[in-house]
Amino acid sequence: MDSIRTKSQGGQTLKRSAPFVDVAPLHRWCSGAVTAGNARPGRRRRLRMVRSTGAEHGRSGCRLGATVRPPSPRERRHPASRQAQNLSDNLRNVFRRGATHTEHGGVRTSRGPRLSRPGPTVSALHWSPVLSCNSIATKRRTLVAVAALAAIATALPTAGTASAAPAAAAPAPDYAGLRQALNGVVAAGSPGTYALVSDRGGHGGTVSVGTGDIATQAPIDPKGQFRIGSITKNFTAVLALQLVAQHEVDLDTPAVDYLPGGVLPAGSPITVRELLNHTSGLYDYSNDLPGILVGDTVTGYQQFRYKTYAPADLVAGALSHGSQFTPGSQYQYSNTNFVVLGMLVEHVTGKPFATVLNERILQPLGMNDTRFIVPSTDIGGPHAVGYLTQDDRSKPLFDATAQTASWIWTAGAAISSTADLNTYWRALTAGVLLPKEQLAEMETMVPVGSTGTSFYGLGMRAYTLSCGTQVYGHDGIVEGYQTYSYTAKDGSRQVTIAANASNNGDVFAAERAALDPVFCGVPSTPAAKRQAAAASAHIAKEETVGVSPEPLRK
């Protein structure tokens, strides 16, 4: 991590370890850079947006309005907590502007949080502290606050880059086709399903079908929360890549260097990159859980749903099977990789994973429906009942909603909503959460499966749809819920599709078919549906019972 130095009037050098970087324009939101306003020591100061040419600073009318207060004694000892709060206060207003919804023509339309705002182009911008106070303490606090914002602002697009030629407008979403696809989800065995489509500005529409509770037959709530399963992996990947961007972690260094002793064997060659792209060769410990590979699914689930597992014990169980292949030589999806990454995030930051997730992603983006609350068994907000489909389809659906989710931890235990996930993908594709370099690494894909339409990067999936459009995101399967959450690469459109039934490949395939009307503007053709069903079957196996290692392909 870089150091910030400043000198007192007496010439004493002060040093604070914190990321301090030049950043690029706030894209379409505002022109300018954040600077600390003049203030007397101990007084509250407001961060404003200013334009910087590198030689002088001029005021701009755009302001984010985050307030910096003097740090508490605890925050002086642990400045990162104050940094994160400053960042949270600053970015929350950018990302959450009070979504409103209207309904017409059977489609509930949404005017959500805008993540873009037209503004003039600025040639160069820098995070710069403008100080008029002589107090050393004031300078320290200001530099820490500015560094905190700079830590995430590293992600913004590089200044001075030539604008790309405007891409051809994507076809409008086919909401009738989306409703038809969601009807297929219910017909396949899910009590209910819903989807939220959003554009770059957070506008869009919701389509919902079916019920959220078989007992009451109440319509499924499209604002409801749900367990997102492996979409959590992208959260974990972003946190790890933020540490890479801050030079705390190196992608191609053995992960054992960033882990507590004993998590991986001493001298393990598995790199951080190989954990992120599932080429580590680590066995998937979840295959050892009752009912996954052996035994009845519902009976097995009841044996572990309320247990609390230590992450180190999960990894130890995987290591007992030995390496599945030479690291970096093959691809095999494994939850173990992302449990190890969760431990890496905790060890490097010195904080619980939930705290890091809140400080670096959820609070700054205003993702108030999203939480990581292992081992609490409640979802914690309005939600549909999540049903586990019995292996014997003649038996009734089983209520699987409550569980600790500790068995899946940082590989799949988060809870969210369609609105929050769409907000997340807009922020990620806009370059707010990761710098360009790390986002490009995440989006570097290799084919998986045999259809040629599915790909995996660093904690991110991609699909090629029937119209040739490629979408990025992740899907998740966890007891009671199956979800697809995807975005156009340029952030122009997102969709999250949730169903309240799992252990049903037909439901998962029907959800996959709903991507085409959203991004291609037309329903899938029969041939495209068959190809999508084959791709989804492979992914469903990866997410549940696992698949054999496959050679890396380009």
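This report covers helix H15, a pocket and a cavity, two sets of strands, and some backbone features of a predicted model.

## Helix H15

H15 spans residues 526-543. The helix has 18 residues. From first C-alpha to last, H15 reaches 25 Å, close to the 26 Å expected at 1.5 Å a residue.

The buried residues of H15 are Ala528, Ala532, Ala535, Ser536, Ile539, Ala540, Glu542 and Glu543. Seen down the helix axis, these buried residues fall within an arc of 145 degrees, so they line one face of H15. An α-helix has 3.6 residues a turn, so residues three or four places apart point the same way. The face of H15 turned away from the buried side carries Pro526 and Arg530, both exposed.

Ile539 sits in H15. Its relative accessibility is 1%, so Ile539 counts as buried; the cut-off is under 20%. Ile539 and Gly449 are 90 residues apart in sequence, yet their C-alpha atoms are 8.1 Å apart in space.

## The second largest pocket

The second largest pocket has a volume of about 570 Å³. Its lining counts 29 residues. Ile477, Asn503, Ala540, Thr544 and Val545 lie nearest the pocket centre. Four elements each give two or more residues to this lining: helix H7 (297-304), strand S19 (470-478), helix H13 (505-513) and H15.

H15 gives the most, with 6 residues. By residue class, the pocket lining divides into 13 nonpolar, 12 polar and 4 charged. Ala540, one of the residues nearest the centre of the pocket, is also one of the buried residues of H15.

## The second largest cavity

The structure holds 7 cavities of 30 Å³ or more. The second largest cavity has about 60 Å³ of space. Its lining is made of Thr453, Thr464, Leu465, Ser466, Arg512, Asp516, Ala528, Gln531 and Ala532.

H15 appears here too: the largest share of the cavity lining, 3 residues, comes from this helix. The cavity lining divides into 3 nonpolar, 4 polar and 2 charged residues. Ala528 and Ala532 belong to this lining, and both are buried in H15.

## Strands S19, S20 and S21

Strand S20 (residues 481-488) is mostly covered, with 8 of its 8 residues buried. Both of its faces are covered. Tyr481, Thr483, Ser485 and Thr487 are buried on one side. Gln482, Tyr484, Tyr486 and Ala488 are buried on the other.

S20 pairs with S19 in the antiparallel sense over 8 bridges. In this pairing, His474 stands opposite Ser485 in S20. S19 and S20 form a hairpin with 2 residues between them. Gly480 in the turn has a positive phi of about 100 degrees.

S20 is also joined to strand S21 (residues 493-499), by 6 bridges, and the two run antiparallel. Gln482 stands opposite Ala499 in S21. The hairpin of S20 and S21 has 4 residues between the strands. There, Gly491 takes a positive phi near 75 degrees.

## A three-stranded open sheet

An open sheet of 3 strands has the order S14-S13-S22, with mixed pairing. Strand S14 (398-399) and strand S22 (501-502) stand at the edges, each with a single partner strand, so one side of each is left without a neighbour in the sheet.

Strand S13 (residues 387-388) pairs with S22 in the parallel sense over 2 bridges. Tyr387 stands opposite Ala501 in S22.

## Backbone exceptions

Most residues other than glycine have a negative phi, and most peptide bonds are trans. Three sites depart from that pattern.

Val374 and Pro375 are joined by a cis peptide bond, with omega about 10 degrees. Pro375 lies in the loop between helix H10 (353-365) and S13.

His278 has a positive phi near 60 degrees and is not a glycine. This residue lies in the loop between helix H6 (272-276) and H7. At 0% relative accessibility, His278 counts as buried. Ala405, also not a glycine, has a positive phi of about 60 degrees. Its place is the loop between S14 and strand S15 (415-417). At 2% relative accessibility, Ala405 counts as buried.

Terms used:
Residues are numbered from 1 along each chain as its sequence is written. This is a predicted model: local features need pLDDT of at least 70, side-chain atom pairs count only at pLDDT 80 or more; totals for chains, interfaces and linings use all residues. Side-chain values use heavy atoms; hydrogens and water are left out. On a 1 Å grid over the protein atoms alone, a cavity is a set of points where a 1.4 Å probe fits but cannot get out, and a pocket is an open set with protein on both sides within 12 Å along at least five of seven lines; lining residues have an atom within 4 Å of a point. Grid points are joined across faces, edges and corners, and a volume is the space filled by probe spheres set on the points. Ala, Val, Leu, Ile, Met, Phe, Trp, Tyr, Cys and Pro count as nonpolar, Asp, Glu, Lys and Arg as charged, and the others, Gly among them, as polar. The expected span of a helix is 1.5 Å times one less than its number of residues. Buried means under 20% relative accessible area, exposed over 50%, partly exposed in between (1.4 Å probe, protein chains only). The arc is that of the directions from the helix axis to the C-beta atoms. Two strands pair if DSSP finds at least two bridges between them.
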